[in-house]
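Visitor: I would like to learn how to read the overall build of a protein model. Where should we begin?

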Amino acid sequence: MNRRGFLKRSGAASLLWLWPRGLVPKSPFRRVRPSDPGWPSEQAWKRLNEAVGGNLLPVNFPLNACTSAPESAECKALFANLKNPYYIGDSPGVTQTLGWVDAWATKPSVYAVAARNAADVAAAVNFVRENHLRLVVKGGGHSYQGTSNAADSLMIWTRHMHGITMHPQFVPQGCETTHAPQRAVTVGAGTIWLEAYDAVTTKAGGYVQGGGCTTVGVAGLVQSGGFGSFSKHYGTAAGGLLEAEVVTADGKVRVANACTNSDLFWALKGGGGGTFGAVSRLTLRVRELPEHAGGANFTVKASSDDAYRRLIRQFVGFYREALFNEHWGEQAHFSADNTLEISMVHIGLDTEQSRKVWQPFLNWLAQTSAAYTIASPPRIGSMPAQHWWDVDWRRENHHDVFKADTRPGADPANVWWNGDGGQVGWVVWGFESLWLPASLLQDDSQEKLANALFAASRWSEVELHFNKGLAGAPPEAIEAARDTAMNPAVCGAFALAIVADGQGPAYPGIANHEPDVAKGRKAAGAVHRSMNELRGVASNGGAYVSESNYFEADFQHSYWGANHARLAEIKKKYDPTGLFFVHNGVGSEEWSPDGFIRL
Ligand SMILES: Cc1cc2nc3c(=O)[nH]c(=O)nc-3n(C[C@H](O)[C@H](O)[C@H](O)COP(=O)(O)OP(=O)(O)OC[C@H]3O[C@@H](n4cnc5c(N)ncnc54)[C@H](O)[C@@H]3O)c2cc1C
């Protein structure tokens, strides 16, 4: 029961003066807003600015330009920029996801500390604690749940902390007698993955496990677990974390690794961003890179529902036989128009090998050609793995895979995958995920899985992300993931199912750019029904914290499974007063939805 609501309804509040001293409920702790008398003075802000080397910024909200003049050239230019993740990354006042219908809309902080180092981060944390402010941490700004924006807050903005150092022989601090030196890379918390891949893969010929999307931030991704296209081979990004430098709620700059603050280290590996501290630096394993990486892309359309059922059933069996291994990741999509879209990647196979893998499936399609149309013909092959993120090489070889930052003077290396373009500046209508256990691939379960995929696809497009479930990965990758805070379901899942829908840039109150609430609600219902069909065969699957429903039921169990209890203890130890708050984060139950009032 909501205790405060009950007191109000029962009229008990008016009798409070009758209560003996000491039994009077204390008024709840409230964080301070700019309109409150306790808001820090100009002088106090000035001192913070000095403490952070002049890097305290008032945060501009670019969408203001549109509220007053939605047809202005400035507003048009802004909406064009809201399709550019580098513009958004460079702007502390907006986020990659602009909002979620019936959940949240991006709001600017009052000030941001554009941190340059851990000392700046610590100064911001101390200022927030001493002045009872709402804190928010923004890295790459890609949170779907809106956890890197908060109105009336002070932001720690890590965009400028993107130094990268390679280590041929790294040993975590304090692990000198227990850990052999290994190749590693240290990245500032504001680094985006493309910068890390450029240094580690393109320039140094190694591999660091990061995210698929080039503009996601390293700290946000690692703290949620983190998958990249090749995670079926290398495991999660959190599994590759060797050490973090992190500022905790007491303002201390701590090192966390397997030997020092090991509980905090474990929590940072998948326990969720913005919850245990502000990370200033991360050191990640660097791995061997095979010679080849590549892809398989094509789309098949079935002529009837029955033919589509057979196609899905055939694909499920083929996946188990040929693709359920450490080589193959990324996606298959199942749609209401009876198409199967394959958009997969592989690592460690040359062109001939990768084509050979798919031949049996392509042969089956050819034999049953009356029922199927190849809507886009198979493109299967490989390329030198070292050039996977090499923007120049891709351009020279006419690989039309990236969109580029076209702002005047922009770095030509600022690119993002074409496939991620739809989510830049978007507004979510519905988004749900579910890990599908590998037991569904057993002979006697394949039919059940195929039927559930068909039924789910009637409501909304279903995506299977094979690289986001670790069943089929090498044992070492699975072991490393088991030693993280993520829901252990990830280790036994062959894929993460995602069903999501949304629209391009929009914002409430801006004429001709409003989110379509009616359509959004309908889509959210369809997303939910679709996912329920899959829940019917994977009831205890769990969801990936970073790619899940804002309204996730039983989020503690869904995101972290049995690990939640330990996470809650670690939260209490390092952040007993709840300085770090994010929606549906560990410990968030103790706060109002906006993180301002302790319940
Ligand atoms: C287009 C797109 C593609 C994506 N692709 C993938 C993918 O391939 N694989 C995958 O696993 N996920 C993917 N995601 C999800 C993404 O990994 C998460 O949303 C991730 O948390 C984003 O991190 P960020 O730093 O970019 O975002 P932010 O929104 O800045 O941060 C996310 C959370 O982490 C916190 N945080 C950020 N920096 C710090 C820090 N230094 N210290 C403490 N807390 C911090 C923030 O407060 C926030 O709560 C994708 C998201 C989008 C929008």
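Guide: Begin with the radius of gyration, set against the value for a compact globule. This model is predicted. For 599 residues a compact globule would come near 25 Å, and the protein has 25 Å, so the two agree. Along the principal axes, the C-alpha atoms fill a box of roughly 80 × 60 × 55 Å.

Visitor: How many helices and strands are there in the protein?

Guide: The protein has 19 helices and 20 strands. Sequence separation can then be read from the contacts: among those with a separation of 6 or more, 73% join residues 24 or more positions apart.

Visitor: What percentage of the residues is buried?

Guide: Buried here means under 20% relative accessible area. Such residues make up 57% of the 599. The protein exposes about 24,500 Å², of which carbon and sulfur atoms supply 52%.

Visitor: Which residues touch the most other members of the largest nonpolar core?

Guide: They are Leu 63, Leu 82, Trp 193, Phe 230 and Leu 282, in a core of 100 residues. Strand S18, residues 426-437, gives the most to this core, with 6 residues. A second, separate core has 54 residues, including Ala 302, Ala 307, Tyr 372 and Ala 538.

Visitor: What does Trp 193 touch, leaving out residues up to four places away in sequence?

Guide: Its contacts include Val 208, Cys 213, Val 218, Leu 221 and Leu 284.

Visitor: How far apart are the mean positions of the positive and negative charges?

Guide: They are 7 Å apart, for 54 positive and 56 negative charges.

Methods. Residues are numbered from 1 along each chain as its sequence is written. This is a predicted model: local features need pLDDT of at least 70, side-chain atom pairs count only at pLDDT 80 or more; totals for chains, interfaces and linings use all residues. Side-chain values use heavy atoms; hydrogens and water are left out. Helices (H or I, at least four residues) and strands (E, at least two) are DSSP runs, numbered from the N terminus. The radius of gyration is taken over C-alpha atoms; the globule rule is 2.2 Å times the number of residues to the power 0.38. Buried means under 20% relative accessible area, exposed over 50%, partly exposed in between (1.4 Å probe, protein chains only). Contact means heavy atoms within 4.5 Å. Accessible areas come from the Shrake-Rupley method with a 1.4 Å probe; for residues, only the protein chains shown count as cover. Lys and Arg count as positive and Asp and Glu as negative; His and the chain ends are not counted. The place of a charge is taken as NZ of Lys, CZ of Arg, CG of Asp or CD of Glu. A nonpolar core is a set of buried Ala, Val, Leu, Ile, Met, Phe, Trp, Tyr and Cys residues joined through side-chain atoms within 4.5 Å.
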